[in-house]
Amino acid sequence: MRRREFIALIGSAAAIPFSAHAQQAAPLIGLLSATSADAPTGPIEAIHLGLRQAGYEVGRSVRIEPRYANNTLDPLPMLAAELVKLSPAVIVTVGGSTPTLAAKAATSTIPIVFAPIPDPVRTGLVASINRPGGNITGIAAMTIELDPKRLELLHELAPRGTIGVLLNPARPETQLQIDGIKAAARATGRELLFGNATTSAQIDAAFAMFAQQSIAGLLVAADPFFTSQRTQVLTLASRHGWPAIYQWREFADAGGLASFGANLFDSYRQVGLFAARILKGERPADLPVLQPAKFEFVINLKTARAFGLTIPLPLLGRADEVIE
């Protein structure tokens with residue numbers, strides 16, 4: 001064998017393990033989600049964007065290992081334990097406070113970043129907003145806390161009749177959520193009809209019950225499960241022509257009548273940025289929980305016309321965006 005050919009052979013052989021080692025050296029992020037892998041991809045894309053803005057390209061300079069509970073709570077402790085065994089640099093939790101509680105129970109050392117959830121102090125995830133302490137931080141998105149305001153806006157959109165409330169009874173904060181909605185209903189003098197759903201079939205059943213009772217409007221209470229079932233919920237609401245209000249603007253963008261809440265995409269982008277800061281050496285205990293600075297009220301005027309609804313001009317004037 002000629003000397004030049006021998007050097008080339010050694011070089012090509014050495015390149016293989018080096019490439020494999022480079023891939024293995026990329027830090028690992030564990031993703032624990034209460035939703036399913038086929039849920040709307042916007043939040044995951046936003047996390048990727050946040051990582052990319054901080055200099056991490058998913059699949060190249062950082063790896064993500066997901067675990068999905070498929071809209072059931074029972075597998076979350078097992079899935080969290082699986083991720084902990086992989087020794088990721090950070091675990092990101094998606095789908096409310098339940099996956100975060102499961103991750104917290106599985107590890108007290110691996111950093112955890114939670115995606116938008118209601119009051120993380122009340123839930124016991126962090127010691128305080130400004131000083132989380134421990135190994136957990138993330139985004140407090142004011143989700144269920146805004147349900148009373150959504151009901152007030154719905155009262156203006158549909159001023160008479162019973163309001164149906166689509167609710168997930170499995171979330172840890174359900175009673176707090178119900179109490180807030182009932183207080184808002186009393187203040188506006190409205191009757192409520194609750195429909196509980198934790199599965200797709202139960203969503204169908206709740207809508208059938210709403211139709212039988214002839215509700216005048218629909219509040220889809222804040223919950224990650226309903227976000228993951230957005231297409232089903234919007235299709236059913238459109239079929240019945242009910243004035244409805246939702247948590248995230250993604251519902252209004254996809255044909256829902258109205259939404260009121262923080263910017264979901266930006267909240268998840270911030271999750272990616274938080275994960276990147278931890279990858280670069282910052283500690284969760286030193287990263288204050290991020291709270292939204294702005295809430296968007298979006299009205300889809302095209303949907304209103306299709307339903308034969310006239311939106312009061314003062315309400316249109318208060319909207320942050322009107323979709324024509």
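In the predicted model, strand β11, formed by residues 296–300, pairs with β12 in the parallel sense over three bridges. Within this pairing, V298 has E321 of β12 as its bridge partner. Both strands belong to an open sheet of seven strands with mixed pairing, in which the order is β7-β6-β8-β9-β10-β11-β12. The edges of this sheet are taken by β7 (192–196) and β12 (321–323); each has a single partner strand, so one side of each is left without a neighbour in the sheet. On average, and with direction ignored, neighbouring strands of the sheet are turned by 20° against each other.

Two helices pack on the seven-stranded sheet. Helix α6, residues 174–188, touches β6 (163–167), β7 and β8 (217–220), and its direction makes about 160° with that of β7. Helix α7, residues 200–212, likewise touches β6, β7 and β8, and the direction of α7 makes about 155° with that of β7. A polar side chain, that of Q232, was also examined. Q232 lies in helix α9, which spans residues 230–240. The relative accessibility of Q232 is 15%, and the residue therefore counts as buried, the cut-off being under 20%. Residues up to four places away in sequence being left out, the contacts of Q232 include S200, I203 and D204.

A second arrangement of strands is an open sheet of five, ordered β2-β1-β3-β4-β5 and paired in parallel. Its edge strands, each pairing on one side only, are β2 (63–68) and β5 (136–140). The twist from one strand to the next averages 20°. Strands β4 and β5 run parallel and are joined by four bridges; in this region V113 stands opposite T137 of β5. Helix α3, comprising residues 76–85, lies across β1, β2 and β3 (90–94) and runs at about 180° to β1.

Empty space within the model was examined next. Rolling a probe the size of a water molecule over the atoms shows where empty space is left. The largest pocket holds about 360 Å³ of space. Its lining consists of 29 residues, of which T35, P43, V94, T227 and Y268 are the closest to the centre. Elements giving two or more residues to this lining are β1 (28–33), α2 (42–53), β4 (112–117), α8 (224–228) and α11 (264–279). The largest share, three residues, comes from α8. By class, 16 of the lining residues are nonpolar, 10 are polar and three are charged.

The second largest pocket has a volume of about 230 Å³. It is lined by 17 residues, and those closest to its centre are A34, L73, N168, D223 and F225. Helices α4 (97–106) and α8 each supply at least two residues of this lining. Helix α8 thus contributes to the linings of both the largest pocket and the second largest pocket. The lining of the second largest pocket divides into six nonpolar, nine polar and two charged residues.

With a threshold of 30 Å³ or more, one cavity is counted. About 50 Å³ of space lies in the largest cavity, which is lined by I29, L31, I44, I47, H48, I64 and V92. Strand β1 and helix α2 are the elements that give two or more residues to the lining of this cavity, and α2 provides the largest share, with three residues. Six of the lining residues are nonpolar and one is polar, while none is charged. Both β1 and α2 also give two or more residues to the lining of the largest pocket.

At the level of the whole chain, 13 helices and 12 strands are present. Along the principal axes, the C-alpha atoms fill a box of roughly 90 × 40 × 35 Å. The chain has 324 residues, 50% of which count as buried. Among contacts between residues at least 6 apart in sequence, 71% join residues at least 24 apart.

Technical notes:
Residues numbered from 1 in each chain as written. Predicted model: local features only at pLDDT ≥ 70, side-chain atom pairs only at ≥ 80, totals over all residues. Heavy atoms only, no water. 1 Å grid on protein atoms, 1.4 Å probe; cavity = no way out; pocket = protein on both sides within 12 Å on 5 of 7 lines; lining within 4 Å. Points joined across faces, edges and corners; volume = space filled by probe spheres on them. Pairing = 2+ DSSP bridges. Axes fitted to C-alpha atoms, helices over the stretch in contact; angles between N-to-C directions. Contact = heavy atoms within 4.5 Å. Buried < 20%, exposed > 50% of the residue type's maximum accessible area, 1.4 Å probe, protein only.
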